[in-house]
Amino acid sequence: MKKEDKNPIMENLISLSKRRGFIFQGSEVYGGLAGTWDYGPLGVTLKNNIKKAWWKRFVDDREDMYGMDAAILMNQNVWKASGHVGGFADPLVEDKKTKKRYRADHLLEEVGVDPKGMTLDMMSQALKDKKIKSPEGNELSDVRQFNMMFKTHVGATEDESAISYLRPETAQGMFVNFKNVMDTFHPRLPFGMAQIGKAFRNEIAPRDFIFRTREFEQMEIEYFVDPRNETEVNATIDALYAEQLAFLSDIGLDSKRIHKIEIAPADRAHYSKRSIDTEFDFPFGQKELLGLAYRTDYDLKAHTEASGTDLSYFDEESKARFIPHCIEPTFGLDRLVLAVLSQAYTEDELGGEKRVYLKLSPRIAPVKVAIFPLLKNKEALTDKARELYKVLRTEIGAVEYDEAGSIGKRYRRQDEIGTPFCVTIDFETIEKDGNPVTVRDRDTGGQEKIPLKDLVSYLSQKLSS
Ligand code: GAP
């Protein structure tokens, strides 16, 4: 674990994530690979539930959105035209003795200097003024740019022409398919393209668990608008920002932990005319969760010029041809997983005992309901519980059957993975009129007897409220 992960909540969260099968260190049996994490069975389900909620809100429920899944490897000219080969870099300093590399802006932040808007020279000077040494106590080099793209070669030859990059953003896969979508679906402006997929950045200092990693997933929208009506463009920026917030509410994030930050011109990405970051109160501080950038015609124009393919739009009404402008709401999926996990992590006392539970929204909880027979060696109970398990799997989905250990232990396990409801089959269920089952609520620990015939509607209503 890195120094900066030694935050008690983060330590507990990382430990729970591993213990309960959400997230493991990447390549763990070989000692790990820095900046990579593997999602286990519950983690991938949680992540998929967030993806599904996103795809539903931004693609399925809208008439103006076109889904995409472009290749990760792209022609190197894409990244030359987009500006990433020339400028996708972070400020790097090197420990002159150990040759270890650090983010200059992070070192400055750690001593209370805000590096926003600083040039490389200004950062070098600030490091000197503050007499900042490397974490090992050695002299630091001057600050220089470090390109974060992972370079590779495609095919059997390793010459210049075979160079490709693992994409550092999913966005370019949509810009280069703009014409394909135009030619096949003939959409009228405004319309958007949406994509979920992996992105890769050779981060100098990956840190804070899945917050900053070298391989991560993005969910991005490139929304194309007519640039001639500035009022309309600004209204669309506001509407898309509001949709970002609505999505955060869909997955249960607390609006009090969410902050809107207008990014100053000097700190915007090279392609952006306006950027609004959405920051979240993580256990290690208020940090960027999502972004929204007004990319103007930067990308379509750059690809038109570099590829020679016309990526303009013809407006039938005004008979005018122009390059649409693009507004890009972008979401880091792993940061969303971390936000929901860190918000959900709760310690309290129940029945005089300390407990840990994940207060996840039922909408994204990996397991919705757990079914327990009271005793595992009573066939009448296990048969009934298995029968119910089959029914609930069809009717509710994401249901778990568990017969191992005491009921108390089983509750603790389900609490730790955030299961909203546990249902116990006991002797009353098989002997008494109405076949009552015991339904236990994760958050309150309260228990209710529900007739078996009403269980599906009871749970469906509770899970959707
Ligand atoms: N297409 C625009 C773009 O990529 P960005 O702000 O560089 O913009 C978008 O990245 C989102 O991707 C961020 O808001 C963040 O949620 C996520 N992200 C960026 N770098 C990341 C990293 N190293 N690890 C995890 N998530 C990251």
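These turns go through helix packing, ligand contacts and two backbone details in a predicted model.

Visitor: Why is α2 called roughly perpendicular to α11?

Guide: The axes of α2 (residues 41–60) and α11 (residues 333–344) cross at roughly 110°. Angles of 65 to 115 degrees count as roughly perpendicular, so α2 is roughly perpendicular to α11. The two axes come within 10 Å, and the crossing of α2 and α11 is right-handed.

Visitor: Which residues make the contact between α2 and α11?

Guide: From α2 there are Leu46, Lys47, Ile50 and Lys51. From α11 there are Leu333, Asp334, Leu336, Val337, Val340 and Leu341. Heavy atoms within 4.5 Å are what counts as contact here.

Visitor: What makes the charged share of the contact of α2 with α11 come to three?

Guide: Asp and Lys both count as charged, and the contact includes Lys47, Lys51 and Asp334. The class count is therefore seven nonpolar, no polar and three charged residues.

Visitor: Why are α2 and α9 called oblique to each other?

Guide: The axes of α2 and α9 (residues 230–250) cross at roughly 140°. Roughly antiparallel needs an angle over 145 degrees, and roughly perpendicular covers 65 to 115. The angle of roughly 140° fits neither class, so α2 and α9 are oblique to each other. Their axes come within 10 Å, and the crossing is right-handed.

Visitor: Which residues of α2 and α9 make that contact?

Guide: Ile50, Ala53, Trp54, Arg57 and Phe58 of α2 meet Glu243, Gln244, Ala246, Phe247 and Asp250 of α9. By class they divide into six nonpolar, one polar and three charged.

Visitor: How do you know that α12 and α15 are oblique rather than roughly parallel?

Guide: Helix α12 (residues 379–395) and helix α15 (residues 455–464) pack at an angle of about 45°. Roughly parallel requires an angle under 35 degrees, and roughly perpendicular starts at 65. The pair is therefore oblique. The axes lie 11 Å apart, and the crossing of α12 and α15 is right-handed.

Visitor: What makes up the contact of α12 with α15?

Guide: Leu388, Val391, Leu392 and Glu395 of α12 face Leu455, Val456 and Leu459 of α15 in this contact. Six of these residues are nonpolar, none is polar and one is charged. Glu counts as charged, and Glu395 is part of the contact.

Visitor: What makes the approach of glutamate 203 to the ligand a polar contact?

Guide: A polar side-chain atom of glutamate 203 lies 2.8 Å from a nitrogen atom of the ligand. A pair of N or O atoms within 3.5 Å counts as a polar contact, so the 2.8 Å pair qualifies. Arginine 295 has a side-chain N or O atom 3.5 Å from a ligand nitrogen, and a polar side-chain atom of arginine 335 is also 3.5 Å from a nitrogen atom of the ligand.

Visitor: How many residues surround the ligand, and which are the closest?

Guide: The ligand is surrounded by 20 residues, the closest being Glu169, Glu203, Glu220, Glu288 and Leu289.

Visitor: Which residues does the cis peptide bond join, and what is its omega?

Guide: Leucine 189 and proline 190 are joined by it, with omega about -5°. Proline 190 sits in the loop between α8 (178–185) and β10 (191–200).

Visitor: What is notable about phi of serine 27?

Guide: Phi is near 50°, a positive value in a residue other than glycine. Serine 27 lies in the loop between β1 (23–25) and β2 (37–39).

Terms used. Residues numbered from 1 in each chain as written. Predicted model: local features only at pLDDT ≥ 70, side-chain atom pairs only at ≥ 80, totals over all residues. Heavy atoms only, no water. Axes fitted to C-alpha atoms, helices over the stretch in contact; angles between N-to-C directions. Helix = DSSP H or I, 4+ residues; strand = E, 2+ residues; numbered from the N terminus. Left-handed = near helix turned anticlockwise from the far one by under 90°. Near = heavy atom within 4 Å. Polar contact = N/O pair within 3.5 Å; in protein donor to acceptor, adjacent residues only side chain to side chain.
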